[in-house]
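This report reads one protein structure from the general to the particular. Please keep the sequence and the model at hand while following the text.

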Amino acid sequence: MLAMDQGVVEEWLSEFKTLPETAVSSYAASLKDKGSLVPALYKVIRENYSDLLEPVCHQLFEFYRSGEPRLQRFTLQFLPELVWSYLSVTAARDPHCSGCIEALLLGIYNLEIVDKDGQSKVLSFTIPSLSKPSVYHEPSSIGSLALTEGALANHGLSRVVYSGPHLQRETFTAQNRFEVLTFLLLCYNASLSYMSSSSLQSLCQLSSRVSICGYPRQQVRRYKGISSRLMVTSEFLVQLITGIHFALCNGEVDLGSRALDDVLYRAQLELFPEALLVGNAIKSSLHGASLKANKEGTRSIQVEITPTASRISRNAVTSLSIRGHRWKRHGETHTSSGCGDVLKEKSTSRIMHSPPCRARCSCLSVFSRKAIRVFEDFPPYSGLQRWPVMSRSRTHI
């Protein structure tokens, strides 16, 4: 570590100790202007035997415990590097070098699982419904949704998944190690839009190293770090994939693509269905998409939204509407053909029946030609004059 970087870190350590409580907010806003501080802190964390590692970890914990959101996010940006330093030292079985990092990770975890009153938090997540539109899908693009009794009964209802309460941890063990680290990555992913490019790069490097160490792909990547395999869980890989997705859409295309391939490689070896599902879904959604190469500007995730023009018609098509449409069309054709048309003459107030059409079967075709002559002998209609009674003998000519 260079003397200049060491001086920057020592100055940073001394500033916060003498800072009054009323100036914490202004001090947090001024940290982003110190461009040389973050790279110097990364160098301290990567050197496991540095004398500044313990005071730096203590200072980062004080930042997180202060409750100031900007100071908490400043600490969270180093979380991927802290996790990798802890896992690499654990794999090398040298716990004396990771004592301060382990204390920092456990301290952040114990602060996050409780609220301001010291009560255990219960995190909730609402599962989206495919019948309602979101930024990821349009119901019209999925197809017709059958309105069955079960669907109508569940319409408007939403499923909520709860996580917690989580137990406090005093030490890391083989059983709770990835439970704690997964929860910490969940907290990190909640603040992804505030993370710097160096933090996203560290996350991609963490994902690749955890996935390939001890496997043949380590030689392909030419990584010369630890060669022992690291045990992972499916939930841990899912949280890594979530962060990789954000990094891919915000300038880290090369590192993000490599990290996603490495995580999917490990998920295939371990047969983790959750990680394979999420990873392949993200990989398919990014296929052919124009990812943003610029690292500056607004942080976001690109999502292709289906045009809203092709919505389902408001008029529901039922058997009754089809029957009515069919009768209406038949009536229009029947009227235009001249069969059974009734023409009213205003001058004589007389109703005349047009002759039947020979091309189609008319309403009068059921009678014989002799019966039609009977109707021709009827006197014209005028006013309320009644028609003469037709004799039975006349109909049988």
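The sections below take up confidence, overall make-up, the nonpolar core, the salt bridges, the surface and two further residues.

## Confidence and overall make-up

The structure is a predicted model, and the mean pLDDT of the protein is 77, with 64% of its residues reaching 70 or more. Two stretches call for particular care. Over residues 309-314 pLDDT stays under 50, and for this stretch the model has four contacts beyond four places in sequence; over residues 393-397 pLDDT likewise stays under 50, with three such contacts. Where pLDDT is low, the predicted coordinates should not be read in detail.

The protein contains 17 helices and four strands, and of its 397 residues 34% are buried. When contacts between residues at least 6 apart in sequence are considered, 70% of them join residues at least 24 apart. The exposed area of the protein is about 25,400 Å², of which carbon and sulfur atoms supply 55%.

## The largest nonpolar core

Which residues touch the most other members of the largest nonpolar core? They are W12, F74, F78, L105 and L181, in a core of 82 residues. Helix α13 (residues 234-248) gives this core its largest share, namely nine residues. In soluble globular proteins, nonpolar side chains tend to be buried together.

The surroundings of L181 can be spelled out further: once its neighbours within four places in sequence are set aside, L181 is in contact with V83, Y86, L87, L105, F172 and F236. L105 thus appears both among these contacts and among the core residues that touch the most other members.

## Salt bridges between separate parts of the chain

Side chains of opposite charge can pair when their charged atoms come close. The structure holds eleven salt bridges, and three of them are set out here.

| Pair | Closest N to O distance | 
|---|---|
| D5 and K43 | 2.8 Å |
| E81 and R46 | 3.2 Å |
| R221 and D262 | 2.9 Å |

In the pair of D5 and K43, the closest N and O atoms are 2.8 Å apart. D5 lies in helix α1 (residues 3-17) and K43 in helix α3 (residues 37-46), so this salt bridge ties together parts that are 38 residues apart in sequence. D5 is buried, with a relative accessible area of 8%, whereas K43 counts as partly exposed at 35% relative accessibility.

Helix α3 also takes part in the salt bridge between the side chains of E81 and R46. Here E81 belongs to helix α6 (residues 79-91) and R46 to helix α3, and the pair links distant parts of the chain that are 35 residues apart. E81 counts as buried because its relative accessibility is 4%, under the 20% cut-off, while R46, with a relative accessible area of 47%, is partly exposed.

A further link joins R221 and D262, whose side chains meet at 2.9 Å, N to O. Since R221 is placed in helix α12 (residues 217-221) and D262 in helix α14 (residues 253-270), the pair ties together parts that are 41 residues apart in sequence. R221 is partly exposed at a relative accessible area of 30%, but D262 counts as buried at 0% relative accessibility. Salt bridges with shared partners also bring R217 into one network with R221 and D262.

## A surface patch

On the surface, V122, V160 and Y162 form a nonpolar patch whose accessible area together is about 300 Å². V160 lies in strand β2 (residues 159-163) and is partly exposed, with a relative accessible area of 36%.

## Two further residues

Is A247 buried or exposed? A247 is buried, with a relative accessible area of 0%, and its place is in helix α13, the helix that supplies the largest share of the core. Apart from residues up to four places away in sequence, A247 touches L200, C204 and E252. The C-alpha atoms of A247 and L203 are 8.6 Å apart in space, although the two residues are 44 residues apart in sequence.

N280, by contrast, counts as partly exposed at 37% relative accessibility and lies in helix α15 (residues 273-285). Its C-alpha atom is separated by 9.6 Å from that of D261, and N280 and D261 are 19 residues apart along the chain.

Methods:
Residues are numbered from 1 along each chain as its sequence is written. This is a predicted model: local features need pLDDT of at least 70, side-chain atom pairs count only at pLDDT 80 or more; totals for chains, interfaces and linings use all residues. Side-chain values use heavy atoms; hydrogens and water are left out. pLDDT is the predictor's confidence in each residue, from 0 to 100. Contact means heavy atoms within 4.5 Å. A nonpolar core is a set of buried Ala, Val, Leu, Ile, Met, Phe, Trp, Tyr and Cys residues joined through side-chain atoms within 4.5 Å. Buried means under 20% relative accessible area, exposed over 50%, partly exposed in between (1.4 Å probe, protein chains only). Helices (H or I, at least four residues) and strands (E, at least two) are DSSP runs, numbered from the N terminus. Accessible areas come from the Shrake-Rupley method with a 1.4 Å probe; for residues, only the protein chains shown count as cover. Patches are made of residues with over 30% relative accessible area and no salt bridge: like charges are joined within 9 Å, nonpolar side chains (Val, Leu, Ile, Met, Phe, Trp, Tyr) within 5 Å. A salt bridge is a side-chain nitrogen of Lys or Arg within 4 Å of a carboxyl oxygen of Asp or Glu.
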